[in-house]
Amino acid sequence: KYLKKLKLVSKEYNSDIRISTMSTYVSSKHKIINPYKFCPKPLEYFYSVNLRKQLLSKDVKVKKILSICSQLKKIWEPSARVTRGGFQTIDNLFKKNIREINILKKIIDEKIKKFKVINSIKSDLIIKKWPKKYNIRAWFVKLLKQGYQKSHIHPTAWLSGVFYLDVPNNMEKDQGAIKLSIQGYDYPKFKKMKQIVFKPKNYDLVIFPSSLFHSTIPFVSSQKRCVI
């Protein structure tokens with residue numbers, strides 16, 4: 001009944017992020033072929049690159065970007081958001097007409113285009129139905145000791161990503177890492193579900209499908225963890 005309903009729904013809604021998230025989880029749990037063709041294997045799309053050389057070649061340092069972001073209005077654990085134990089800006093950072101921010105936005109846009117090229121041979125609709133026009137929305141997050149971001153997806157976005165400005169360097173194991181998984185929310189949890197745990201460093205950029213659950217593993221450090 002589930003498969004029949006999913007195939008019926010997919011005829012009209014073939015690029016729905018929430019449906020893609022759920023169908024990926026169910027197909028993995030029950031070991032069946034995922035009939036929803038938007039992004040059936042989102043973990044395979046995970047992309048990471050370090051922007052240090054590219055930014056420094058344009059005389060842009062993360063310390064300067066961090067200084068700019070630190071002056072913006074921030075909210076402690078904003079409601080309806082996933083940030084816990086930290087601050088977050090609400091407005092679109094990439095609408096600020098500031099040299100360093102404009103350069104960062106341009107480079108990230110270049111990496112988004114590269115992301116598409118790398119995956120161009122795939123037949124999934126996330127590539128085949130790639131939007132002709134899109135906007136990049138960005139916000140700044142500063143986590144304090146024991147801070148983290150709850151597991152979530154971005155149902156109104158095609159892609160999601162994180163740029164790391166200042167990552168504590170004295171953390172144990174996977175503290176402060178980003179965890180990407182096909183299970184989240186109140187889905188029943190299974191230990192054998194595939195996931196990626198990525199330990200970032202300053203200047204790292206990660207990009208992945210918005211249908212992929214992602215969260216920050218809590219950390220114990222006196223240093224702040226700052227990202228865009």
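In the predicted model, Y25, Y185, Y187 and F213 form one aromatic cluster. Two members of this cluster, Y185 and F213, make a ring pair of the edge-to-face kind. The ring centres of Y185 and F213 lie 4.9 Å apart. Their planes stand at 85 degrees, and an angle over 60 counts as edge-to-face, so the pair earns that label.

The pair of Y185 and F213 links distant parts of the chain. Y185 sits in the loop between β6 (178-181) and β7 (195-198). F213 belongs to strand β9, which covers residues 213-216. The two residues are 28 residues apart. Their surroundings can be described as well. F213 has a relative accessible area of 1% and is buried. Y185 has a relative accessibility of 49% and counts as partly exposed, because the exposed class begins over 50%.

The structure holds nine aromatic pairs. A pair of aromatic rings is described by the distance of the centres and the angle of the planes. F115 and W130 give another example: their ring centres are 6.3 Å apart, and their planes meet at 35 degrees. This angle is neither under 30 degrees nor over 60, so the pair is tilted.

F115 lies in helix α5, made of residues 99-118. W130 lies in the loop between α6 (125-128) and β4. The contact therefore ties together parts that are 15 residues apart in sequence. F115 is buried, with a relative accessible area of 0%. W130 reaches 15% relative accessibility; this is under 20%, so W130 counts as buried.

A charged side chain also meets a ring. K122 lies over the face of Y45, at 3.9 Å from the ring centre.

The strands come next. Strand β2 (residues 75-76) and strand β3 (residues 83-88) run antiparallel and are joined by two bridges. In this pairing, I75 stands opposite Q88 in β3. β2 and β3 form a hairpin, with six residues between them. One residue of the turn is E77, with a positive phi of about 40 degrees.

β3 also pairs with strand β4, which spans residues 141-149. The sense is antiparallel, and the pairing extends over five bridges. Here Q88 stands opposite V141 in β4. Q88 thus has a partner in each pairing: I75 and V141 in β4.

Technical notes: Residues numbered from 1 in each chain as written. Predicted model: local features only at pLDDT ≥ 70, side-chain atom pairs only at ≥ 80, totals over all residues. Heavy atoms only, no water. Pairing = 2+ DSSP bridges. Helix = DSSP H or I, 4+ residues; strand = E, 2+ residues; numbered from the N terminus. Phe/Tyr/Trp six-rings, centres within 6.5 Å; stacked < 30°, edge-to-face > 60°. Buried < 20%, exposed > 50% of the residue type's maximum accessible area, 1.4 Å probe, protein only. Lys NZ or Arg CZ within 6 Å of the ring centre and 35° of its normal.
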